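This report goes through the structure shown below, from the overall chain to the packing, the ligand site and some points of backbone geometry.

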Amino acid sequence: MRLQAISDVLNPISPLANLSLSVPHRVLVVGCAYGGLSAVVNLLDCDKGKARESYYPDAPDFKEKRSRNGVEITVLDERDGYFHSVGAPLAHTVPKHTVNMWKRFSHTNELRSQRNLNFKHGSLQRIDPDAKVAEWLDRNGKTQHQAYDYLIMATGLKRHWPAVPKSGSYEEYLRDSQTFISKIVGGDPKIPQEGRRVVVIGAGAVGIEFAGEIKTHYPGINVTLIHSRDQVLSSEPLPSDVKDKVKDILVEEGVDVVTGNRAAITELPNGEFEVKLANGTVLIADFVIDSTRKGEPTTDPLPEACLNKDKEVKVNLDLSFQDTIPNASSHFGVGDVVEWSGIKRAGSAMVMGQTAAQNIYAAILNSESRHASPDEQYKLLKLNKWEPVIGIAIGKQCLTWGSKAGMKYGVEVMEGYFGDDLGWAGNLKYVGLTDVEEEKEPAKPEAVKMGEVGVQEISAAA
Ligand SMILES: Cc1cc2nc3c(=O)[nH]c(=O)nc-3n(C[C@H](O)[C@H](O)[C@H](O)COP(=O)(O)OP(=O)(O)OC[C@H]3O[C@@H](n4cnc5c(N)ncnc54)[C@H](O)[C@@H]3O)c2cc1C
């Protein structure tokens, strides 16, 4: 059987496969954006006896206690850096943000200098929870294996270009974004074509933010946002007045909004696009952005037994996998990839990443003091499920809503919530990542070892 074959590759004495013989404790983090990165930086600090302040006060308090054997973290990601998906509408619209919103792991001071942190650039193919082995494909298409004691699955949803980058390397991402921006502006972003017509299809959060950013940064471009349903944000569990207000703000910001109309797109021989609405109206566009596609699951590498019908990972409140696979308590899921309440959000992913790190570290310390009484063992933190909340950028304004906080919107709300870069600077500060100065770049970036959305995002999440 295939799974057995994987375990044999790494564990010739397969009866011992489930024993954690390795020293130090090996943690594999698959996916290193909001959720995965939060787990990494928290684990690194726990391992130094300097656990970060916990978002939840009832998390295990390690004081300065350190693991005897230490922790070795391996990160596997299809990207060579941390991409700010929340900022994609800006990164894919304005060149000065493009270059900043992807932080290569090899180019951040805090990630490249850790002796117990390794980065693998590739794509997870299969997890064998029994053998605790991950099978993955490297960038040359070669199959590799990685053994672990603990796994953190943080692969999010597979979102589609241009909601997120389509390539795995920084250089490719720069090229893709440059081409995309030149199609928005009709050439050089410094001299956008006055009167150019851009149509965005789909008024979910992504379409709304793209339409708003294009209009804000290139006011001379005519932006039309088309949605098949009568209200924008139609598939989000939000009150009707919130959706209506979002539409009003879009209009205030200068976006033409068409709702209740499906659109059919035909590319014309002259390179323009015909956009035919269900009501028979025909628009001509210079460029069309499709933001109708939903994110898809990234969980095919996991056994089906640990997934729900939407292919989300079924986790307990402490974020360990439910007991439907071998070694479930050694497997954790965080962020968009798990079945959870509320709207899938970056802030939630970060809180989960910290919790998974704390709980894995607690399990590690407990495993090193097996003779301690149950009272002396660390208790794993259990999260409460949370209510839907949203913060959405609409051009120069932002709207936030939560069932307790109610609705707020305006330019000041934007400044306080997202700043001028959709929350990126605040997030980097919160996580604690700084850029390597160019002249100090390492000779071999690939060999580098490695840890979003600001604190307010997180506050809003819980
Ligand atoms: C345009 C846009 C705007 C958004 N705006 C907001 C907002 O304003 N506020 C908010 O809170 N949320 C927002 N979100 C949602 C937010 O981005 C997600 O909730 C968040 O990214 C989830 O974080 P995550 O760590 O779970 O997954 P992701 O951020 O998706 O990270 C997953 C990581 O896993 C890697 N990966 C995936 N599959 C594999 C594999 N097979 N092998 C190896 N690596 C893999 C990916 O390369 C990636 O690095 C927005 C999303 C988009 C697209």
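## Overall chain

Of the 462 residues in the chain, 52% count as buried. The model is a predicted one, and its chain is made up in part of 12 helices and 21 strands. The area exposed by the chain is about 20900 Å², of which carbon and sulfur atoms supply 49%.

## Nonpolar cores

The largest nonpolar core has 115 residues, and those with the most contacts inside it are Ile73, Ile152, Ile208, Val246 and Phe321. Helix α9, which covers residues 346–368, gives this core its largest share, 12 residues. A second core, separate from that one, has nine residues, including Val199, Ile226, Leu277 and Val288.

Ile152 can serve as an example of the packing: when its neighbours within four places in sequence are left aside, Ile152 is in contact with Val27, Leu28, Val29, Val30, Ala39, Leu43, Phe332, Val334, Ala356 and Ile360.

## Ligand site

Around the ligand there are 32 residues, of which Gly35, Asp77, Leu124, Asp336 and Ala346 come nearest. By class, the residues of this shell divide into 13 nonpolar, 10 polar and nine charged.

Among the polar contacts, a polar side-chain atom of Asp77 lies 2.7 Å from an oxygen atom of the ligand, while a backbone N or O atom of Glu78 lies 3.2 Å from a nitrogen atom of the ligand. A polar backbone atom of Gly391 is 3.4 Å from an oxygen atom of the ligand. On its own the ligand has 990 Å² of accessible area, and the protein covers 94% of that area. Two or more residues of the shell are given by each of the elements α2 (34–47), β2 (71–77), β5 (117–128), α7 (205–217) and α9.

## Backbone geometry

Trp161 and Pro162 are joined by a cis peptide bond, with omega about 5°, and Pro162 has its place in the loop between β9 (157–158) and α6 (170–185).

Asn327, although not a glycine, has a positive phi of about 55°; Asn327 is found in the loop between β17 (296–297) and β18 (331–333), and with a relative accessible area of 24% Asn327 is partly exposed. Leu422 is likewise not a glycine and has a positive phi of about 50°, and its place is in the loop between α10 (411–417) and α11 (424–431). Leu422 has a relative accessible area of 1% and is therefore buried.

Technical notes:
Residues are numbered from 1 along each chain as its sequence is written. This is a predicted model: local features need pLDDT of at least 70, side-chain atom pairs count only at pLDDT 80 or more; totals for chains, interfaces and linings use all residues. Side-chain values use heavy atoms; hydrogens and water are left out. A nonpolar core is a set of buried Ala, Val, Leu, Ile, Met, Phe, Trp, Tyr and Cys residues joined through side-chain atoms within 4.5 Å. Buried means under 20% relative accessible area, exposed over 50%, partly exposed in between (1.4 Å probe, protein chains only). Helices (H or I, at least four residues) and strands (E, at least two) are DSSP runs, numbered from the N terminus. Contact means heavy atoms within 4.5 Å. A residue is near a molecule or strand if one of its heavy atoms lies within 4 Å of it. A polar contact is a pair of N or O atoms within 3.5 Å; within protein, one must be able to donate a hydrogen and the other to accept it, and residues adjacent in sequence count only if both atoms are side-chain atoms. Accessible areas come from the Shrake-Rupley method with a 1.4 Å probe; for residues, only the protein chains shown count as cover. Ala, Val, Leu, Ile, Met, Phe, Trp, Tyr, Cys and Pro count as nonpolar, Asp, Glu, Lys and Arg as charged, and the others, Gly among them, as polar.
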